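Please take the sequence and the structure together, and follow one sheet from its overall layout down to a single residue.

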Amino acid sequence: MLKLSAVIGIELMMRTKILGWAGLVRVDGAVYRFLGAPGLTTRVPLANQTSSKFTSTQSTFVLRAGGIDLTVNFLSPVEPTDLVKQSVPFAYLSVAAASNDGKSHSVHVYTDISAEWVTGDNNLHANWSTSTTGNIITHQVSLQDQEPYAEDQDHIRHGSAYYSILASAGVTYRSGVDVEVRESFVANGTLDNTLDTNFRAVNDKWPVFAFAKDMGSITSTTSAPVVFSIGHVRDPAVRYIIEGGSTQDRSAYYWSVYSSVSDMISEFLNDYPNALSRANALDAKISADAAGVSSNYASIVALSIRQAFATFEITISKKSDGSWDLEDTLVFMKEISSNGNTNTVDVIFPAWPLFLYANPTLGRDLLLPHFRYQATGQYPNTFAIHDLGAHYPVAIGHNDGRDEHMPLEECGNMLIMTLSHYQKTGDTSIISKYYNLLDQWTQYLVEEALIPANQISTDDFAGPLINQTNLAIKGIIGIRAMADIACIMGNHAQSENYTSISHNYANQFIGLSAADGGQHLTLNYGNSSSWGLTYNLYAEKLLGFEIFPQSIYQRQDSWYPSVLQTFGVPLDTRHTYTKTDWMIWMAAIATSPTTRNMFIDSIYKFASNGDERNNVPFSDWYDTITGLHQGFRARPVVGGHLALMKGVLPTSSRGSSSGGTCFVVSPTSSGQGQAAETANGGSGNEATQKRLLRSSGLLVTVLYSILLHWSIL
């Protein structure tokens, strides 16, 4: 597995933004550091890391401190089918000890957090308190001046951080100046239960909030763990636009069960043994489902799960009588580090395999805010919106229509995700209620997909480009997806028409996109020396279509090894950087195990290269020559790394009939759909389809109903 230093730096997206979290252990009077880089006047040596293990929900480190081995476990529960547990914003830190020399040792453990956990601006003032409720001791830290929905450096200026421990024998606590609190533990092995009431700026003598635990005499038998919980709570969670321009304050799902934060913390901490058991079971399942591809792939997935699940919140609203409306569940996602957008469609799309694997209903609830908003008619454009708000957690749409336009990208994304959700669940709620909106986006694709105008795609950092091959692929698949959606709803003539259009477009695409000599597809039409990762073909495999010939896949499969760099295949010929999500998608559609493993192993090599400049949460954007990240970090798109997981892709094609054959899915007790083929009826739409070919100095009108071409100079 991947190696991590014994000093674990806790960092929130920004390399300059530190979240103070310190850990010390005292063994027979000698003190060692095991977590963070705490400020101390006394010289305290590092514990020596002897092993590390990463799973989908846990990071576990064994560190040698004198005569004992300390096992430090970070557990972030992932509970995708339990909306209450999944919405709880807490994680566990546990510390256990065992003698490594056959002798018994007196052991005391210490941890603290700083007020940096509540702000991105350390000049702001914080308040804090320490309380005991039942069998739980909790430090609570908040900003003095709260600003709901405001952020500093990707950090909310609202809510409180909570650090808690069970109030068992041998537990002591203290708040105060960082150096003073830590030195008191170094000297005594305990804390004096005193509290600092001098509320001040976060960077003024750096207030910290600490616990110590006397673990007693430790022998070769591993001790029971000392368990801490940490989290951040705010309410409301998201502001969402509704019909008429009004806004709605939405709360996290867990409020439907808990009446107070202390109740939630109590259940969370006391549930640790069960939570650990569930986590171990989930880790084993994910590992087994990934290991069928390769061990390197299993490692990549293990590094991706927690990061992806940490990027979205499950919310509910209240009914008119003030009770919680559990039928109104909406999920909101933050586009972290690349910007602060809310529910960015082309960020949801690469993350989509995560939801198909873990719980497709969460995916539905992530799409619903878009459908609801655009169905109100407040968004003035006919194509699908890019995002629901420029800055998370504000989802107020773009009534001025001035979001970042990726019209072809987002229309295709919404259609593909909508159909794939139905295929997994048999749930027609989206396609029946928002059918007209889906058809509106399809009409846009009919006009624009085959010959894309000069525009940006999800890889907007690469800039706009005319006639993008990969965008055309997405648009054609989107049209074909609408054919199935129409068939499912019984609109057979419309389904047959869209199927015919998609296949006709695909036939024309083959000639437009091929490089001279036919070795590979171009990045954009007519640029024979160009090429790129045609990752949008993954959507065809995901939906079980056969629009494009297998020869295209084989051609690409043979080409990519010839342009492999030290750390992978570049995104396209314009730059040497690449994207991890798209390389995994390329692996998923590779026609040979050699090419598949080439993509996977390249990402593993990047993730494990040990360069100290890659000191950020898993980046999906890096240079294929240097192996260095390019700025993105902690983003949700790593959910796309699950593209090869068992059960995500169909085991067989769902057909290629030009008549628009679709599959009607019946939900099963597990929530996964079972498909049965249904043939279209009706004669189809004979209307002429027109397209315009955009290129330098050339305008070609293409009449696809009769497949006639001519050019006008």
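The paragraphs below go from the sheet to its strand pairing, then to a helix and one side chain.

The model is predicted, and the part considered here is an open sheet of 5 strands, arranged in the order E2-E1-E7-E15-E13 with antiparallel pairing. Its edges are formed by strand E2, residues 30-35, and by strand E13, residues 171-177, each of which pairs on one side only. Direction ignored, neighbouring strands of this sheet are turned by 20 degrees against each other on average. In general, the strands of a sheet pair through backbone hydrogen bonds, and they may do so either parallel or antiparallel.

Within this sheet, strand E1, which covers residues 21-27, runs antiparallel to strand E7, which covers residues 105-114, and 7 bridges join the two. Arginine 26 stands opposite histidine 108 of E7. Helix H2, residues 178-188, lies across E1, E2, E7, E13 and strand E15, the last of these spanning 207-218, and the helix runs at about 145 degrees to E13.

Strand E1 also holds valine 27. Is this residue buried or exposed? Valine 27 has a relative accessible area of 5%, and because values under 20% count as buried, this residue is classed as buried. When its neighbours within four places in sequence are left aside, valine 27 is in contact with Tyr32, Ala65, Gly67, Ile68, His105 and Ser106. Valine 27 and glycine 189 lie 162 residues apart in sequence, while their C-alpha atoms are 9.1 Å apart in space.

Conventions: Residues are numbered from 1 along each chain as its sequence is written. This is a predicted model: local features need pLDDT of at least 70, side-chain atom pairs count only at pLDDT 80 or more; totals for chains, interfaces and linings use all residues. Side-chain values use heavy atoms; hydrogens and water are left out. Two strands pair if DSSP finds at least two bridges between them. Helices (H or I, at least four residues) and strands (E, at least two) are DSSP runs, numbered from the N terminus. Axes are lines fitted to C-alpha atoms, for helices over the stretch in contact, and angles run from 0 to 180 degrees between N-to-C directions. Contact means heavy atoms within 4.5 Å. Buried means under 20% relative accessible area, exposed over 50%, partly exposed in between (1.4 Å probe, protein chains only).
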